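This report describes how strands and helices are arranged in one protein model. The sequence and structure come first.

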Amino acid sequence: APAVKNFTLNFTITNLQFNADLQKPNSRRFKSTEKVMYHYLDPLLQRSSIGPAYNGCKITAFSASFPRSTKNRDDTGVDAMCSYRDEPSDPKFNRTTIYRELSKMTNGITQLGHYSLNSQSLYVNG
């Protein structure tokens, strides 16, 4: 079986109001928001340098952004665990490259589909 490796993606959406249902993976709100995230994230990662080796992402959590202030009440943090094949013939994962590519594909980390992003919030770890 091909080797599979994981990396994490974290970012903050500034126009998705956080509520308790987003903490419950079985809630309708979690599931529908998760589906929208896949709809936006998958094509970006498929177009990135690891595209041919990209397996997919799983949303691990939605969280309230801290510190909670009145100006941040519409912020929701998104944590995802993504995976890719790591075979000799596959493109090599480079977190700096992926970060730059995602930054470019989200207009400088400002836009993901109809969501607005906190431009300082993107983290890629792998």
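## Helix 2 on the sheet

Which strands does helix 2 lie across, and at about what angle does helix 2 run to strand 6? Helix 2 lies across strand 1 and strand 6. Its angle to strand 6 is about 150 degrees. The model is predicted, and every value here is computed from it.

## The sheet

Four strands form an open sheet. Their order is 2-3-1-6, and the pairing is antiparallel. Strand 2 (54–64) and strand 6 (123–125) are the edge strands, each pairing on one side only. On average, neighbouring strands of this sheet are turned by 15 degrees against each other, direction ignored.

In a regular strand, side chains alternate between the two faces of the sheet.

## Strand pairings

Take the order from the strand 2 edge. Strand 2 and strand 3 run antiparallel and are joined by nine bridges. Here Cys57 has Cys82 of strand 3 as its bridge partner.

Next comes the pairing of strand 3 with strand 1, antiparallel over 10 bridges. Val4 stands opposite Arg85 of strand 3. At the other edge, strand 1 (residues 4–13) pairs with strand 6 over three bridges, again in the antiparallel sense. Thr8 has Asn125 of strand 6 as its bridge partner.

How many of the 10 residues of strand 3 are buried? Seven are, so strand 3 is largely enclosed by the rest of the structure.

## Helix 1 on the sheet

Helix 1 lies across strand 1, strand 2 and strand 3 (76–85). Relative to strand 2, helix 1 runs at about 135 degrees. Strand 1 thus appears in both lists: helix 1 lies across it, and helix 2 does too.

## Helix against helix

Two packed helices are described by the angle between their axes and the distance between the axes. For helix 1 (residues 28–47) and helix 2 (residues 95–105), the angle is about 125 degrees and the axes are 10 Å apart. That angle makes helix 1 oblique to helix 2, because oblique takes in angles above 115 degrees that are not over 145. The crossing of the two helices is right-handed.

Which residues make the contact between them? Helix 1 supplies Leu44, Leu45 and Arg47. Helix 2 supplies Ile98, Leu102 and Met105. Five of the contact residues are nonpolar, one is charged and none is polar.

Technical notes. Residues are numbered from 1 along each chain as its sequence is written. This is a predicted model: local features need pLDDT of at least 70, side-chain atom pairs count only at pLDDT 80 or more; totals for chains, interfaces and linings use all residues. Side-chain values use heavy atoms; hydrogens and water are left out. Axes are lines fitted to C-alpha atoms, for helices over the stretch in contact, and angles run from 0 to 180 degrees between N-to-C directions. Angles under 35 degrees count as roughly parallel, over 145 as roughly antiparallel, 65 to 115 as roughly perpendicular and the rest as oblique. A crossing is left-handed if the near helix is turned anticlockwise from the far one by less than a right angle, and right-handed if clockwise. Contact means heavy atoms within 4.5 Å. Ala, Val, Leu, Ile, Met, Phe, Trp, Tyr, Cys and Pro count as nonpolar, Asp, Glu, Lys and Arg as charged, and the others, Gly among them, as polar. Two strands pair if DSSP finds at least two bridges between them. Buried means under 20% relative accessible area, exposed over 50%, partly exposed in between (1.4 Å probe, protein chains only).
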